[in-house]
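Visitor: I would like to go through this structure with you and ask how each descriptive word is earned.
Guide: Gladly; let us take the terms in turn and set each value against its cut-off.

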Amino acid sequence: MSSAPDRGRESFAETAMPIAEDEIDSRPPLRTFGLRLALWYATLFVSGAIAIVFVTYYLTSTSLAQRDQQIIKGKLGDYAAAYSRGGVRVLAATVRAEQQAAPERLFVRVVDRGVEAVVLSNPDGWDPSKLEIVSARLADGTLVQVGKSTEARDDLLSRFRAALGIVTLFIVLIALTGGWLATQSALFPIRRLTLAVQRIIRTGRTDARVPLEGTGDAIDELTSLFNTMLDKIEGLVTAMRGALDNVSHDLRTPLTRLRGTAEMALASPPSGDAAQQVDFYRELLADCVEESDRVLVMLNTLMDISEAESGTMQLRREPVPLAEVVARAVDLYRDVADAKGVALGAAAPPGIVVVADRTRLEQVAANLIDNAVKYTPAGGRVDVEVRRDAGAAVVQVRDTGQGIPSDELPRIFERLFRGDTSRAERGLGLGLSLVKAIVEAHGGAVEVSSEPGHGSVFTVRLPNP
């Protein structure tokens, strides 16, 4: 349950450093992306604005044309009524009176029964190509025509087109400028993320963090997730360095002993007694085998933990009664507990069955009981309980040992971690890491609670089909 001192971690123990805004530089790929994004925004905005301009112009032109037609048709009805009341004389008087008071002139012509054309308005100054004429034939065969020049309307539309052109130009300029500014503002947090990644790649440090804007938008959420990812990476790198330090430290002792034993065998002079010489070498070889087994156990356990955590561990799932698993583990450590003066008890009712790998579950139970017995002094007690709880199968190992300090409790399941209170005990610091990896590979969870001087409680929860 403990590890060698944390060495070589000073470079990762510093306070997370935010990235200053003045350190953000423009990267050509990001700048090109920003330009493309600004152009897309501007294109969409300008396209929409131009579409609105064209629709506005079309509706205005159509409205003016309809207004002219309504004026012509209205006057044609009035003139036809005047002609019917008093002939050409009354019609002429009506036309003269209206054209003297009206703001714009109308073209009026009367064809008397197809024989004689009487023009009532001045024919000079009219452009036939600019006239819109509406005709009506009266009951006596007289044809009355009323026309209106489109020059005023065309001039108004021409001015309107010029105004729309200027407005469109301003829209294009505003769209480009606004799109570029909006894009630069939107890409600013992304530049900070890019800079953080580049700093990490360049320096190998994972303590850089991107400050949040506090807006709560998608970019802020992305920044928060990125910082969380950096926290996990920093934790993994720190744990990896610590694990490498601990592995090298823990391997140094057995390898040094192995080398010392071999050197002792090589340096020992031959004796006259062949039997004693053989016994001497056998004893040295046995020591070599023991130290080699210690190294192999450590490496195999590390490999098992890695396989379980990566999801590649082969699990032979079958219905397993937990009472049998606990009984086997308790029988295995009964003699060890008795020799140490620790009472070992179990309460495992039959009928609680899980679908799991029996061998791996036996490893879990054995490691938990071994850990409890190892750190419980003589006269203490270790109890193993199996029960159902909220749809899960629970295995709980409780001891009355020395407990775990509160500052070491969050790290108790780390690989090769050995706390200060357990340095005197022989071990690799991998048992609880293996327990956690196997339990989580089965879809379960393991937790620990402890008070220094009052023992510890390890609780394993497994899915109960």
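**Words and their cut-offs**

Guide: Ala390 is placed in the loop between strand S10 (381-389) and S11, and I should say at once that the model is predicted.

Visitor: Why is Ala390 called exposed or buried, whichever applies?
Guide: The relative accessibility of Ala390 is 79%, and the word exposed is used over 50%, so Ala390 counts as exposed.

Visitor: What makes the phi of Ala390 worth a remark?
Guide: Phi of Ala390 is near 55°, which is a positive value in a residue other than glycine. A positive phi is also found just after H7, where Gly443 takes a value of about 85°.

Visitor: How many helices and strands does the chain have, and what share of its residues is buried?
Guide: The chain has seven helices and 13 strands, and buried residues make up 38% of its 465 residues. Among contacts between residues at least 6 apart in sequence, 70% join residues at least 24 apart.

Visitor: Why are H5 and H6 described as roughly parallel or roughly antiparallel, whichever it is?
Guide: The axes of helix H5 (residues 322-340) and helix H6 (residues 358-374) come within 9 Å and cross at roughly 30°. Angles under 35 degrees count as roughly parallel, and H5 and H6 are therefore roughly parallel to each other. Their crossing is right-handed.

Visitor: Which residues of H5 and H6 meet?
Guide: From H5 the list includes Leu322, Val325, Arg328, Tyr333 and Lys340, and from H6 it includes Arg358, Leu361, Glu362, Ile369 and Lys374. By class, the contact of H5 with H6 has 12 nonpolar, no polar and seven charged residues.

Visitor: Why is Glu362 in H6 called buried or exposed?
Guide: Glu362, which is found in helix H6, has a relative accessible area of 18%; buried means under 20%, so Glu362 is buried. Leaving aside its neighbours within four places in sequence, Glu362 is in contact with Val325 and Arg328.

Visitor: At what angle do H6 and H7 cross, and is the crossing left-handed or right-handed?
Guide: The axes of H6 and H7 come within 9 Å and cross at roughly 145°, and the crossing is left-handed. Among the residues that meet are Arg360, Val364 and Leu368 in H6, with Leu432, Val435 and Ile438 in H7. By class, the contact of H6 with H7 has seven nonpolar, four polar and one charged residues.

Visitor: How do you know whether Ser433 is buried or exposed?
Guide: Ser433 is found in helix H7 (residues 431-441), and its relative accessibility is 3%. The word buried applies under 20%, so Ser433 counts as buried. Other buried residues in H7 include Leu434, Ala437 and Val439.

Visitor: What makes the link between Ser433 and Phe413 a polar contact?
Guide: The side chain of Ser433 reaches the backbone oxygen of Phe413 at 2.9 Å, and the cut-off for such a pair of N or O atoms is 3.5 Å.

Visitor: Why is Leu409 given the label it has for accessibility?
Guide: Leu409 is found in the loop between strand S11 (392-399) and H7. Its relative accessibility is 21%; buried would require a value under 20%, and exposed one over 50%, so Leu409 counts as partly exposed.

Visitor: Which residues does Leu409 contact, apart from its neighbours within four places in sequence?
Guide: Leu409 is in contact with Ile404, Val448 and Ser450 when those neighbours are left aside. The C-alpha atoms of Leu409 and Ser450 are separated by 7.9 Å, although the two residues are 41 residues apart along the chain.

Visitor: Why is Leu143 called buried or exposed?
Guide: Leu143 lies in strand S5 (residues 143-149) and has a relative accessible area of 16%; the limit for buried is under 20%, so Leu143 is buried. Not counting residues up to four places away in sequence, Leu143 touches Arg109, Val110, Val111, Ser135, Ala136 and Arg137.

Visitor: What label does Ala93 receive, and why?
Guide: Ala93, placed in helix H1 (residues 28-101), has a relative accessible area of 37%. Partly exposed covers what lies between under 20% and over 50%, so Ala93 is partly exposed.

Methods: Residues are numbered from 1 along each chain as its sequence is written. This is a predicted model: local features need pLDDT of at least 70, side-chain atom pairs count only at pLDDT 80 or more; totals for chains, interfaces and linings use all residues. Side-chain values use heavy atoms; hydrogens and water are left out. Helices (H or I, at least four residues) and strands (E, at least two) are DSSP runs, numbered from the N terminus. Buried means under 20% relative accessible area, exposed over 50%, partly exposed in between (1.4 Å probe, protein chains only). A polar contact is a pair of N or O atoms within 3.5 Å; within protein, one must be able to donate a hydrogen and the other to accept it, and residues adjacent in sequence count only if both atoms are side-chain atoms. Axes are lines fitted to C-alpha atoms, for helices over the stretch in contact, and angles run from 0 to 180 degrees between N-to-C directions. Angles under 35 degrees count as roughly parallel, over 145 as roughly antiparallel, 65 to 115 as roughly perpendicular and the rest as oblique. A crossing is left-handed if the near helix is turned anticlockwise from the far one by less than a right angle, and right-handed if clockwise. Contact means heavy atoms within 4.5 Å. Ala, Val, Leu, Ile, Met, Phe, Trp, Tyr, Cys and Pro count as nonpolar, Asp, Glu, Lys and Arg as charged, and the others, Gly among them, as polar.
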